[in-house]
Structures are given as structure tokens and as C-alpha cells.
Amino acid sequence: MQAEGKGGFIFSILVGVGIATITALIGVLIFAAVIKMAMLDGAVIKTVSQFLKVLAVFLGCMLSLSGNKGLIKGAVTGVLAMAVMYLLLKLIGGGVSFGLSFLVDLIFGAVVGAISGIIAVNVKGN
């Protein structure tokens, strides 16, 4: 078992946030093309958007986290990834507002990230 320093802890979280953000942006671009071709209901768009964010956080955690402290690393990765994705997507969409939806995204990101982090460190082992 190898000890992970503070730099490794922070680096793995930042890599996870980067992977999650890139995954989400690619997913949004693909989904935007689908929306353009097919007239979709607003509820479908919100549901698929949430799914893309969950998938992005999951992939970010699975591909970057290992060692121990999966719960903490995953939760932090999820919160930061959701914050970055929220800000980027709001800026792309035109305007940023911090309200209840932002808080819900952060909480959702923490929960999804924590679960993903636990799975990631246990699948990869110590």
C-alpha cells in the first residue's frame, strides 16, 4: 500500500473534475445535435441533462480516483465538477444565476461523486 500525499489527493480530484467536465461538454454537444434534429419536450431535456452530468461525474471518479478516501475524494470531485459544469453551461446558454437549482446540483454532485468515489477505490483496490 502506497501513501498518497496531499498533492496526489488534490491532483486526482482535479483530474476527475477535468474528465467530468470534458465528458459533460461532449455529451451536451451530441445532445444539442439530437435536439436540433428532433423536437424534444423540456422535461426530456432536463432529464437527459441530469443523466449526462451523473455519467460525467461517475466517469471522472472512476478514471481518476484510486487509493483510499473514496467517499471524500468522490464528494469533492462531484461538487467541483457540478459547479464547473453548471457555470460553463450557464455561460454558454447566456447568463449565470445562483439559485436553488445550483444548490441542488451541488448536493446531487456530492452524492453521486461520493458513491462513485467509493466504487472507484474499491474496484481498483489499494
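How many salt bridges does a search of the whole structure find? One, and it makes a good first stop. Keep in mind as you click around that this is a predicted model.

**Stop 1: the salt bridge**

Select Asp105 and Lys53 and show their side chains. They meet in a salt bridge, with 2.8 Å from N to O. Asp105 sits in helix α4 and Lys53 in helix α2, so the pair ties together parts that are 52 residues apart in sequence. Now switch on a surface and look for the two partners. Asp105 is buried, with a relative accessible area of 7%, and Lys53 counts as buried too, at 9%. In general, side chains of opposite charge can pair when their charged atoms come close.

**Stop 2: along helix α2**

Stay with Lys53 and colour the rest of its helix, residues 42-64. α2 has 23 residues and runs 33 Å from its first C-alpha to its last, close to the 33 Å expected at 1.5 Å a residue. Its buried residues include Leu52, Ala56, Val57, Gly60 and Cys61.

For a contrast, pick Phe51, which is also in α2. Is Phe51 buried or exposed? Its relative accessible area is 53%, and that makes it exposed. If you want a distance to try in the viewer, go from Phe51 to Gly27: they are 24 residues apart in sequence and 9.8 Å apart in space, C-alpha to C-alpha.

**Stop 3: Cys61 and its surroundings**

Next, select Cys61, another residue of α2. At 0% relative accessibility, it counts as buried. What does Cys61 touch, not counting residues up to four places away in sequence? The answer is Gly74, Thr77, Gly113, Ser116, Gly117 and Ala120. Take Ser116 from that list: its C-alpha is 5.9 Å from that of Cys61, though the two are 55 residues apart in sequence.

**Stop 4: the nonpolar core**

Now select Ala56, Val57, Ala81 and Met85. These have the most contacts inside the largest nonpolar core, a set of 14 residues. The elements giving two or more residues to this core are α1 (6-37), α2, α3 and α4. Zoom in on Met85: leaving aside its neighbours within four places in sequence, it is in contact with Ala20, Thr21, Ala24, Lys53, Ala56 and Val57. So Lys53, the salt-bridge partner of Asp105, turns up again here, because Met85 is in contact with Lys53.

**Stop 5: helix α4, inside and out**

Colour α4, residues 100-124. At 1.5 Å a residue, its 25 residues should span 36 Å, and the end C-alpha atoms are indeed 36 Å apart. Among its buried residues are Phe102, Asp105, Leu106, Gly109 and Val112. What covers the buried residues of α4 includes α2 (42-64) and α3 (70-93).

Then select Phe58, Leu100, Leu103, Val104, Ile107, Val111, Ile115, Ile119 and Val123: together they make a nonpolar surface patch of about 820 Å². Helix α4 supplies the largest share of the patch, eight residues. Ile119 is one of the patch residues; it is partly exposed, with a relative accessible area of 34%.

**Last stop: a loop residue**

Finish at Lys69, in the loop between α2 and α3. What is its phi? It is positive, about 60°, although Lys69 is not a glycine. Most residues other than glycine have a negative phi.

Conventions: Residues numbered from 1 in each chain as written. Predicted model: local features only at pLDDT ≥ 70, side-chain atom pairs only at ≥ 80, totals over all residues. Heavy atoms only, no water. Patch = residues over 30% accessible without salt bridge, like charges linked within 9 Å, V, L, I, M, F, W, Y side chains within 5 Å. Areas by Shrake-Rupley, 256 points an atom, 1.4 Å probe, with all protein chains shown as cover. Salt bridge = Lys/Arg side-chain N within 4 Å of Asp/Glu carboxyl O. Helix = DSSP H or I, 4+ residues; strand = E, 2+ residues; numbered from the N terminus. Buried < 20%, exposed > 50% of the residue type's maximum accessible area, 1.4 Å probe, protein only. Expected span 1.5 Å × (residues − 1). Contact = heavy atoms within 4.5 Å. Core = buried A, V, L, I, M, F, W, Y, C linked by side-chain atoms within 4.5 Å.
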